[in-house]
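Please work through the following exercises with the sequence and the structure open beside you. Each task is followed by a solution that goes step by step.

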Amino acid sequence: MNDVLNGRFGGRLSAVLYLLCGSLVAVAVPIVPARPGTNEAGLLATAATALASGAVIWKLPWERWSRASSLWIVPPTFTLIAFYNSFSDADGYRYAPFFFVSFAWVGLVHPRGTSAKMLPLAAVAYLVPLAVAGNSNAVAVWSAVYVLPPCVLLGEAIAWVSDRLSSAQHSLRAREASFRQLFLDNPQPMWVFDVHGHHFLEVNEAAVAHYGYSREEFLAMLITDIRPPDDVPAFVDAIAAALALMHTRSSRHLLKDGRTVEVDVTAHRLMFEGRAAMLSALQDVTERNALERELRHRAFHDSLTELANRSLFANRLEHARARQARTDLPVAVIVLDIDAFKTVNDSLGHSIGDSLLIAAGERLREAVRPGDTVARLGGDEFAILIEHAPGIDQLTQHAERLLACLNEPFELAGKTLVITASAGVTLSTPHDGPDDLIRNADMAMYLAKREGKACVRQFRPALHHAALERLELEADLRRALQRGEFIVHYQPMMELTSGRVAGFEALVRWEHPRRGLLGPPEFIGLAEETGIIVELGRWVLTEACAQAQRWQERHGFDGLVSVNLSARQLRDPGLLGDVIATLRNSRLDPHRLTLEITETVLMDDDAAVDRLEELKALGLRLAIDDFGTGYSSLNYLRRLPIDIVKIDKLFVDEVATDRESVGLVSAILGMARALNLETVAEGVENAGQAERLKELGAALVQGFYFAKPMPAGATELFVAAEPKQTTTSVR
């Protein structure tokens, strides 16, 4: 292709030179004074020949020929120069410029070395006219040495420069072609637009496919046409300010179908076809940004209620505390917890429970000010952040209004639910951080739970101190078993009629390293809440059974040993296996073991009744502790595999002086006899109570009047004095 172009260029250039030189000679002959011997007619004929040759050469189809084909013009050219020299009195210096023009043409059109090859032909054209005219003197001949070598050197220099320029131009065209191909075939949408006029100058196929416009439509549009109208002013300003060669920014673009997409645009300033332009590479990040927004939303919002979660609530609380430092207005936190929410889940199912949480969250959001934050901290616990809070009393009233809005019936899945909630409120102090405020409101809420529920309680510093003590006690409790700090005391159960020991009740004590000896009321509740009661109960059972076996082996005492079971132990799936393993390891006769369960644990719990049946099948005895404080009916008691009823101390306290207490104890004894159950009266503290119980027909009693709970070592002395006979049953 380049060879053809050079052929056309060589032919056209030679035609121009012929026409130019012919015109100059034709004009110069009549005007410029001629030397003697000049043939003006010959010169005019030569000029006419040059003009005619130039016209013919111009008309030739040079585009069909290579540049080498134009070399055949050189001999005629030198011939015309020779004729010109002959007709102008054969003065070589006069026609030397024509040789310079000819060799310049050769250098422009043909490769290096061509001018040197033309030197012999040029020498002939230079010297022959001199010889024909008889002017071949030494000066004339030697003039060829001064004229022709410089002409050849000029031709070669021009050829060298021309080759260098041609090579650079070829490399530039190759790079432009490569760039354009890379641009057009790039799978990433790209375009070039005019920086000043904002017209599209070029687009690639990827942009056409992604945006939906054809290439022709793109080239007829402005870059602002694909931007949402609201974004155009800022976009134009950004173009004007984009002085750097390259920058990246996020934008919104309009597709042909009307959809708006989010893109990251990497733009590069360049010159395109002589115009200041911007090359833009585009990446559609709509889905990525949507996913990032969704992830951020999920990270800071509750997935069920769409309320703020604990992380976002703490973050907003921290910012509110920072603003409080400037305004000196307090920040308040309210924590609410739905009462008996577990009952809703257990009775109606978790889907109804979830619907209730969603509805409750919506009500709370509607009941607070627009600037307040409602969050779900977890489970059925909600929190409200109130900035510029009123005083503590007004805050309490606000919390009561929130509870009232939750008291309104909920219509969920065709069911009407009426719930209550408990709340705790706290106001910030200068030293409270976000976690402190949430914790303080939480402690006040749990105080409301303990004091009857469906109410609001304010945080007091004493609550914090009590909570810290509780945490410390819990930490000590978890370490106490490993450190061997628990001991078992035993309180004897006595036969009223004979005064003999019927057995012992095992009662756990904690020898706390700092607080001294602690009784069950000081730690059993905490052990139950934390689950430590399961491991602790297993240890007490093991100790009591081993001790009962030692009484028999050392003293022949085969009385009963009673061990208390908590509600959590009774629900523990490993309880049955623990009892079996303990009886086997201690070699204790199962009939000598009594397990005591409180009356309230058994109410409306069919699983607990089934567990008692499994225990009863082992051959041990079962007792209901604190009987009379629950709501057991006679018919319900008949269903239970119970052997012993323990009459609560509440009824025994006044049995010696109060007729009503006498009637209640008498009724319990009568009911027990009707059901063929044994009875044990607890809490006997004086002779009057013991005498009255004996009159009423009570068989077994226990209490301080007979003996206080004692360590295992003391029981050895106690049973050693007993007659060597079985006292297991008084039936």
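**Exercise 1.** Determine how helices α2 and α3 are arranged relative to each other, and state the handedness of the crossing of α2 and α3.

Solution. Bear in mind throughout that the model is a predicted one. Begin by finding helix α2 at residues 40-59 and helix α3 at residues 74-87, whose axes come within 9 Å and cross at roughly 160°. Angles over 145 degrees count as roughly antiparallel, and α2 and α3 are therefore roughly antiparallel to each other. The handedness is a separate matter, and the crossing of these two helices, α2 and α3, is left-handed. Finally, look at the residues that meet: on the side of α2 they are G42, L43, T46, T49 and A50, and on the side of α3 they are L80, F83, Y84 and F87.

**Exercise 2.** Work out the order of the strands in the open sheet of five strands, and describe how its strands pair.

Solution. Strands of a sheet pair through backbone hydrogen bonds, in either a parallel or an antiparallel manner. The order in this open sheet is β7-β8-β6-β11-β12, and the pairing is mixed. Its edge strands are β7 (373-378) and β12, each of which pairs on one side only. On average, neighbouring strands of the sheet are turned by 20° against each other, if direction is ignored.

Now take some of the pairs in turn:

- β7 and β8 (residues 381-386) run antiparallel and are joined by five bridges, and R376 stands opposite F382 in β8.
- β6 (residues 332-338) and β11 run antiparallel and are joined by seven bridges, with L336 opposite A423 in β11.
- β11 and β12 (residues 456-458) run parallel and are joined by three bridges, with V425 opposite Q458 in β12.

To get from β11 to β12, the chain passes through helix α16 (residues 434-450), and this β-α-β crossover is left-handed.

**Exercise 3.** Decide whether strand β11 is largely enclosed by the rest of the structure or not, and then find which strands are touched by α16.

Solution. Strand β11 covers residues 421-427, and six of its seven residues are buried, so the strand is largely enclosed by the rest of the structure. Next, turn to the helices: helix α14 (residues 350-367) lies across β6, β7 and β8, and runs at about 15° to β8. Helix α16 also packs on the sheet, where it touches β6, β7, β8, β11 and β12, and its direction makes about 140° with that of β11.

**Exercise 4.** For H198 and H388, give the phi angle, the place in the chain and the degree of exposure.

Solution. Most residues other than glycine have a negative phi. H198, although not a glycine, has a positive phi of about 65°, and H388, which is not a glycine either, has a positive phi of about 50°. As for their places, H198 is found in the loop between β1 (190-194) and β2 (200-203), whereas H388 is in the loop between β8 and α15 (392-407). For the last step, recall that buried means under 20% relative accessible area. H198 has a value of 16% and is therefore buried, while H388, with 46%, is partly exposed.

**Exercise 5.** Is N345 buried or exposed, and which residues is N345 in contact with, leaving aside its neighbours within four places in sequence?

Solution. N345 lies in helix α13, which spans residues 341-348. Its relative accessible area is 13%, and N345 is therefore buried. Once the neighbours within four places in sequence are set aside, N345 is in contact with H350 and G353.

Note on methods
Residues numbered from 1 in each chain as written. Predicted model: local features only at pLDDT ≥ 70, side-chain atom pairs only at ≥ 80, totals over all residues. Heavy atoms only, no water. Buried < 20%, exposed > 50% of the residue type's maximum accessible area, 1.4 Å probe, protein only. Helix = DSSP H or I, 4+ residues; strand = E, 2+ residues; numbered from the N terminus. Pairing = 2+ DSSP bridges. Right-handed = clockwise from strand over helix to strand, strands pointing away. Axes fitted to C-alpha atoms, helices over the stretch in contact; angles between N-to-C directions. Parallel < 35°, antiparallel > 145°, perpendicular 65-115°, else oblique. Left-handed = near helix turned anticlockwise from the far one by under 90°. Contact = heavy atoms within 4.5 Å.
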